[in-house]
Amino acid sequence: MSDDLFNVIILAGMFLALFALGEILYHYFKVRAEFTRKTVHVGTGLLTMFFPVMLENHWWVLLLCASFALILIISLRFTLLKSINAIDRESVGSLAYPVSVYGCYLAYNYFNKQLIYYYLPILILALCDPMAALIGKGWPRGRFKVGKGYKTMSGSITFFLTSIVLMYVLMVGFKQEWTLTQFISGAFIIGVLSTVTEALSGRGYDNLTIPVSVLFGLIIINWI
């Protein structure tokens, strides 16, 4: 328990440093909130990669996720952390993120600590989503309306391709014993599910729905 507590303190400090970096970029270097928010988004995803390595008990993960969810709620109430919250649209994304992380850690525990059940949904959320947003805004090809906002085909294609690359890298890295049929069908299933989910989810709910769609895809793969 003492090791886990020590690691929780280290991880908490790293997350606070990430939030501080976002605030410094926003307030002192005048970086737009859309970019500082994405920076924190990616950084948070990368830091959570340490959870399965550093934390044995899911209660410590819940403590971390709940603590930062509370910080984010307070920041919204008192107009703090503008590097995350000063965007011109309503979004629950920052609050949905810690819920997703804890949910994926529970899935990782449930499926006999198979790392891909944790890393794939979190990395697709942390990397594919910002990549899609970057390409979609830089090269807005094939715009389509979703609710009150817009998405682009260029962004969705980017999301799809990067999700397949991530899946391949993790499959090789974790030595998943999938057949070629499982990988090809799985890449298609997870790529399509997560891409469609991202395209249809608004107001930041994609931070919750994307990991859920990836986990669902992984379950389907094991049925094939």
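Begin by selecting Asn 112, which counts as exposed at 67% relative accessibility (exposed is over 50% relative accessible area, buried under 20%, partly exposed in between, with a 1.4 Å probe and protein chains only). This is a predicted model, in which local features need pLDDT of at least 70, side-chain atom pairs count only at pLDDT 80 or more, and totals for chains, interfaces and linings use all residues. Residues are numbered from 1 along each chain as its sequence is written, and side-chain values use heavy atoms, without hydrogens and water.

Asn 112 sits in the loop between α6 (93-110) and α7 (helices are DSSP runs of H or I with at least four residues, numbered from the N terminus). Although not a glycine, Asn 112 has a positive phi of about 55°. Most residues other than glycine have a negative phi.

Next, select Arg 203, in the loop between α9 (180-200) and α10 (206-223). Its phi is also positive, near 60°, and Arg 203 is partly exposed at 43% relative accessible area.

Turn then to the second largest pocket, with a volume of about 250 Å³ (a pocket is an open set of points on a 1 Å grid over the protein atoms alone, where a 1.4 Å probe fits, with protein on both sides within 12 Å along at least five of seven lines; lining residues have an atom within 4 Å of a point; a volume is the space filled by probe spheres set on the points, which are joined across faces, edges and corners). Select α7, which gives the most to this lining, with seven residues. Among the lining residues are Phe 35, Lys 38 and Met 131.

Finally, display the largest pocket, of about 1,200 Å³. Of its 47 lining residues, the closest to the centre are Lys 38, Arg 89, Ser 91, Gly 204 and Asp 206.

Technical notes
Helix = DSSP H or I, 4+ residues; strand = E, 2+ residues; numbered from the N terminus.
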